[in-house]
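Me: I'm new to this one, and a quick overview won't do it for me. Please pick one part, take me through it closely, and then show me how it connects to what's around it.

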Amino acid sequence: MMQFSQIVNVSDFVNWCDYLGTLAFAISGIRLAAGKGFDWFGAYVIGFVTAVGGGTVRDILLDIKPFWLVQPSYLIITALGLIFTIVFRRQVVRLNHSLFFFDAVGLGLFVVVGVAKSYAADFPWWVAIIMGTVTGSFGGLLRDVLINETPLIFRTDFYASACVLGAIVYVLLGRYTGMAIEWVQFISAISVFIARVLAVVLHIQLPTFNPQSVLRSEEEKGGR
C-alpha cells in the first residue's frame, strides 16, 4: 500500500496538470464565448472564470487562499489561451469537437489537481473525491451560467459523474496499490477523459426525471 506522504504529494506532475488544465479550460471557455459573438475582453473573462472557477470554489471550501491570488501565472495562461484562439480561430472556433476536446482534457487534469490538493491540505479521502469533482466541474458551471446556457453538470451529459469516477480511481489506486503517484494521477486523468468520450460516442446518459409524470402524480394526489 502506498504511504500517505506519497498520496498527498503535490508533485511537479500535479503542477503541470494545473497549468495544462488551466490552458485547456481557458480555451474551451474562450471558444464558447467566441461562438456567442463576445468581444476579446469578454471572451478572456469567460475563459478565466472557466479556468479558475472550480479551483476557487475548492480553495474557499478548504479554507485556503485562492491559488490565483498568489501568483499571476493563471492570468497569463488565460491570455495565452486567448491568443491561441485568435490565431487559430478558424480551426478552433469552427471545429465542432474542439470545445468538447479541450473541456474533457481540462476536466481530467483538474480532477487530479483537486484530489491532490485536498490530500495535501490534510483532508480525508471522501473530501478529496468531492473537491476533485468541484475542481473539475464548477468552472464549466460558472461559464455556462455567465453565457446563459444550462450548465452541463445539470444535463444528462456524463460530466460531473466522470469527475467522481476519476477521483475514485485516484483514491483507490493511491491507497491500495504500490503504483508511483505520478502514474496514479495520470491514470485518474485519463479515466475522466475516456469516460467523457465513451459517454458521448456510446450515448451514455444518466437517468432523468420526467416532469410530466411528476406533475401527473401530483395531480392524482390532489384529486384524491
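Reply: One cut-off before we start: a residue is called exposed when its relative accessible area is over 50%, and buried when that area is under 20%, with partly exposed in between. Keep in mind too that what you're looking at is a predicted model.

Let's use that cut-off straight away. Phenylalanine 154 sits in the loop that runs between α7 and α8. Its relative accessible area is 59%, so phenylalanine 154 counts as exposed, given that the cut-off is 50%. It also has a neighbour in space to look for: leucine 141 is 13 residues away in sequence, yet the two C-alpha atoms are 8.7 Å apart.

From that loop you can walk in either direction, so to speak. Go forward and you enter α8, which covers residues 160-176. Alanine 162 belongs to this helix. Where phenylalanine 154 is exposed, alanine 162 is buried, because its relative accessible area is 0%. What does alanine 162 touch, once we leave aside its neighbours within four places in sequence? Its contacts are Val192, Ala195 and Arg196. Take valine 192: it comes 30 residues away from alanine 162 along the chain, while their C-alpha atoms are 5.2 Å apart.

Those contacts are part of a meeting between two helices. The partner of α8 is α9, which spans residues 181-201, and the two axes come within 8 Å of each other, crossing at roughly 155°. An angle over 145 degrees counts as roughly antiparallel, and α8 and α9 are therefore described that way. The crossing is right-handed. On the α8 side, the contact is made by Ala162, Cys163, Leu165, Gly166, Ala167, Val169, Tyr170, Leu173 and Gly174, and on the α9 side by Ile181, Val184, Gln185, Ile187, Ser188, Ser191, Val192, Ala195 and Arg196. Sort the residues of this contact by class and you get twelve nonpolar, five polar and one charged.

Now go back the other way from the loop, into α7. This helix takes in residues 125-146, and its axis comes within 7 Å of the axis of α3, with a crossing at roughly 140°. That angle doesn't reach the cut-off of 145 for antiparallel, so α3 and α7 count as oblique to each other. Their crossing is right-handed. From α3, the residues that meet α7 are Ile46, Val49, Thr50, Gly53, Gly54, Gly55, Val57, Arg58 and Leu61; across from them, α7 brings Met131, Val134, Thr135, Phe138, Gly139, Leu142, Arg143 and Leu146. By class, that contact holds nine nonpolar, six polar and two charged residues.

One name in that list deserves a stop. Arginine 58, in α3, has a relative accessibility of 1% and therefore counts as buried. Which residues does arginine 58 touch, not counting those up to four places away in sequence? They are Phe67, Val113, Gly114, Lys117, Met131, Val134 and Thr135. Phe67 then turns up again in a ring cluster, where ring pairs link it with Tyr19 and Tyr74.

That brings us to the aromatic rings. The structure has ten aromatic pairs. One of them joins tyrosine 44 and phenylalanine 48, with 6.4 Å between the ring centres and 5° between the planes, and it is stacked. Both residues are in helix α3, residues 40-61, and because they are four residues apart there, about one helical turn separates them. Tyrosine 44 is buried at 18% relative accessible area, and phenylalanine 48 is buried too, at 12%. Another pair, phenylalanine 84 with phenylalanine 88, has its centres 5.1 Å apart and its planes at 45°, so this pair is tilted. Here both partners are partly exposed: phenylalanine 84 has 32% relative accessible area, and phenylalanine 88 has 40%.

Finally, step back for the whole picture. The protein has ten helices and zero strands. Of its 224 residues, 47% are buried. And of the contacts with a separation of 6 or more, 73% are between residues 24 or more positions apart; the contact between alanine 162 and Val192, 30 residues apart in sequence, is one to look for.

How values were computed
Residues are numbered from 1 along each chain as its sequence is written. This is a predicted model: local features need pLDDT of at least 70, side-chain atom pairs count only at pLDDT 80 or more; totals for chains, interfaces and linings use all residues. Side-chain values use heavy atoms; hydrogens and water are left out. Rings of Phe, Tyr and Trp (its six-membered ring) pair if their centres lie within 6.5 Å; planes under 30 degrees apart count as stacked, over 60 as edge-to-face and the rest as tilted. Buried means under 20% relative accessible area, exposed over 50%, partly exposed in between (1.4 Å probe, protein chains only). Contact means heavy atoms within 4.5 Å. Axes are lines fitted to C-alpha atoms, for helices over the stretch in contact, and angles run from 0 to 180 degrees between N-to-C directions. Angles under 35 degrees count as roughly parallel, over 145 as roughly antiparallel, 65 to 115 as roughly perpendicular and the rest as oblique. A crossing is left-handed if the near helix is turned anticlockwise from the far one by less than a right angle, and right-handed if clockwise. Ala, Val, Leu, Ile, Met, Phe, Trp, Tyr, Cys and Pro count as nonpolar, Asp, Glu, Lys and Arg as charged, and the others, Gly among them, as polar.
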